[in-house]
Amino acid sequence: MTAYLVTGGAGFIGANFVRLLADQRPSTTITVLDALTYAGSRTSLDGLASPRFAFVHGNIRDAELVDQLVAAHDVVVHFAAESHNDNSLRDPSPFVDTNLVGTFHLLEAVRRHDRRYHHISTDEVYGDLPLTGGDRFSESTPYNPSSPYSATKAGSDLLVRAWVRSFGVRATISNCSNNYGPYQHVEKFIPRQITNILDGGRPRLYGLGANVRDWIHVSDHNEAVLRIIDDGMIGETYLIGADGEADNLTVVRTLLHLMGRPVDAYDLVPDRVGHDLRYAIDASRLRRELGWAPQFTSLEQGLSQTIQWYRDHQEWWRPQKAATEAKYAATGQ
Ligand code: NAD
Ligand code: DAU
């Protein structure tokens, strides 16, 4: 039995990871450590039960708790973070606390107890790319983060690299592009627009909708994370992306089309401050060295599945919707 400690397992990607692990690896136990911030939902883990599964409601900034939990597990997979750029522009403080200080406590615990550690990070640490041209991020792209969110994620990656080199911590890092799929908080672009439409409202596009993101289905991201934990080289970084580039306007028009609305039934709203133009990932290292390939190769197909999930799980997202839209209303977005 391998014992996994998953931080942030009640969030979007973490909950999908825990479900994948529970399904695919019968000889594992899984403990989730999650503070249940506004972004965490205990119900995302419904159906998982002891003896293979345990939930600990706690904070990664609680050094003593982190130490006890790390000591009792074999592998630590660190998803917990403040994850939303717009929130980091309103108040960066929890981003520093969780993404930097929280990661520091985890690293100190894995150092003390010599545990395998996998660090979940983002392509945003590399900054952005011009809107036109075929440049893509690779493992050797220099760090150049733009927002308080991406700066704290970049800082946490650098802590991991230093703990590997200075203390021999057995860590790997993955930097992934934009995820979509079930259990994503309605503050994020795709679920926000789907739930606006389900509510009879209209999608809200920042600026002119020209910014480009490289979309990947969350299950493809998590399959890659498992490959890296199993076979990745200690101390190395792997970029994860599924060649899913699309500009925001195209995503919104696709959602409107799939949901039976006129494709021009959206609103343009004030742009995000410092809005990164384009992200694009070159995942050839992951494909070549670890044999990973995405299962979701059509964004339209993945979006159809995701729309259906939000239609079928209104009890999951409705409690978050009004408060989320109230936050956006304050900036006219
Ligand atoms: P999320 O916001 O949906 O979930 C974050 C989870 O962490 C929540 O359950 C929250 O309660 C928990 N958490 C926050 N602060 C905590 C603390 N101090 N102690 C314990 N738990 C805490 O985030 P997500 O979108 O699932 O992202 C997960 C990870 O993946 C993050 O590290 C993020 O940077 C990274 N990532 C996200 C994307 C994406 O597209 N969403 C892409 C690449 C990388
Ligand atoms: O690239 C990986 C990153 O992707 C992750 O590290 C972050 O945790 C995750 O939130 C995501 O960051 P983005 O800022 O790219 O995602 P978001 O869903 O906030 O926005 C996607 C794009 O859509 C971005 O260009 C902003 C735009 N947008 C967003 C919202 C919420 C809109 O046009 N309208 C909106 O209502």
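**Helices, ligands and cut-offs: a conversation**

Colleague: Since this is a predicted model, let's start with helix 10. What makes its length close to the expected one?

Modeller: Helix 10 covers residues 299–312, which is 14 residues. From first C-alpha to last it reaches 20 Å, close to the 20 Å expected at 1.5 Å a residue.

Colleague: Which residues of helix 10 are buried?

Modeller: Gly-302, Leu-303, Thr-306, Ile-307, Trp-309 and Tyr-310 are buried in helix 10. They cover an arc of only 160° around the axis, which puts them on the same side of helix 10. As for the general background, an α-helix has 3.6 residues a turn, so residues three or four places apart point the same way.

Colleague: And what do the buried residues of helix 10 pack against?

Modeller: Their partners are strand 7 (179–180), helix 6 (189–198), helix 8 (248–258) and helix 11 (314–329).

Colleague: Helix 6, then. Why is it called largely enclosed by the rest of the structure?

Modeller: Nine of the 10 residues of helix 6 are buried, so the description of largely enclosed follows. The buried residues are Phe-189, Ile-190, Pro-191, Arg-192, Gln-193, Ile-194, Thr-195, Asn-196 and Ile-197. They pack against strand 7, strand 8, helix 8, helix 10 and helix 11. Just after helix 6, Gly-200 takes a positive phi of about 85°.

Colleague: How do you know that the span of helix 1 agrees with what it should be?

Modeller: Helix 1 has 13 residues, which should span 18 Å at 1.5 Å a residue; the end C-alpha atoms are 19 Å apart, and therefore the two agree.

Colleague: What makes helix 1 mostly covered?

Modeller: The count does: 10 of its 13 residues are buried. Those in helix 1 are Phe-12, Ile-13, Gly-14, Ala-15, Asn-16, Phe-17, Val-18, Leu-20, Leu-21 and Ala-22. Around them, the packing partners are strand 1 (2–7), strand 2, strand 3, strand 4 (75–78), strand 7 and helix 7 (218–231).

Colleague: Now a loop residue. Leu-48 lies between strand 2 (28–34) and strand 3 (53–57). Why is Leu-48 called buried?

Modeller: Buried means under 20% relative accessible area. Leu-48 has 19%, so Leu-48 is buried. Leaving aside residues up to four places away in sequence, Leu-48 touches Val-18, Arg-19, Ala-22 and Phe-53.

Colleague: Gly-134 is in a loop too, between strand 5 (116–122) and helix 5 (148–167). Does Gly-134 count as buried or exposed, and why?

Modeller: The cut-off for exposed is over 50%. Gly-134 has 64% relative accessibility, so Gly-134 counts as exposed. Its C-alpha is 37 Å in space from that of Ser-44, and the two residues are 90 apart in sequence.

Colleague: How about Gln-320 in helix 11; what makes Gln-320 count as buried?

Modeller: Set its 14% relative accessibility against the limit of under 20%, and Gln-320 counts as buried. Not counting residues up to four places away in sequence, Gln-320 touches His-185 and Val-186.

Colleague: On to the ligands. How do you know that Asn-59 makes a polar contact with ligand 1?

Modeller: A polar contact is a pair of N or O atoms within 3.5 Å. A nitrogen atom of ligand 1 is 2.8 Å from an N or O atom in the side chain of Asn-59, so the pair qualifies. Oxygen atoms of ligand 1 also lie 3.0 Å from a polar backbone atom of Phe-79 and 3.4 Å from one of Leu-36. The protein covers 96% of the 840 Å² of accessible area that ligand 1 has on its own.

Colleague: Which residues are closest to ligand 1, and how many surround it?

Modeller: 28 residues surround ligand 1, and the closest are Ile-13, Asp-34, Ser-83, Tyr-149 and Lys-153. The largest share of the shell, three residues, comes from strand 5.

Colleague: What makes Asp-123 a polar contact of ligand 2?

Modeller: An oxygen atom of ligand 2 is 2.5 Å from an N or O atom in the Asp-123 side chain, so the pair falls within 3.5 Å. Arg-272 has a polar side-chain atom 2.6 Å from an oxygen atom of ligand 2, and for the side chain of Asn-248 the distance is 2.9 Å. Of the 690 Å² of accessible area that ligand 2 has on its own, the protein covers 95%.

Colleague: Where does the shell around ligand 2 come from?

Modeller: Helix 6 and strand 8 (204–206) each supply at least two residues. In total 25 residues surround ligand 2, the closest being Thr-122, Asp-123, Tyr-149, Arg-272 and His-275.

Definitions and conventions:
Residues numbered from 1 in each chain as written. Chains lettered and ligands numbered in written order. Predicted model: local features only at pLDDT ≥ 70, side-chain atom pairs only at ≥ 80, totals over all residues. Heavy atoms only, no water. Helix = DSSP H or I, 4+ residues; strand = E, 2+ residues; numbered from the N terminus. Expected span 1.5 Å × (residues − 1). Buried < 20%, exposed > 50% of the residue type's maximum accessible area, 1.4 Å probe, protein only. Arc of directions from axis to C-beta. Contact = heavy atoms within 4.5 Å. Near = heavy atom within 4 Å. Polar contact = N/O pair within 3.5 Å; in protein donor to acceptor, adjacent residues only side chain to side chain. Areas by Shrake-Rupley, 256 points an atom, 1.4 Å probe, with all protein chains shown as cover.
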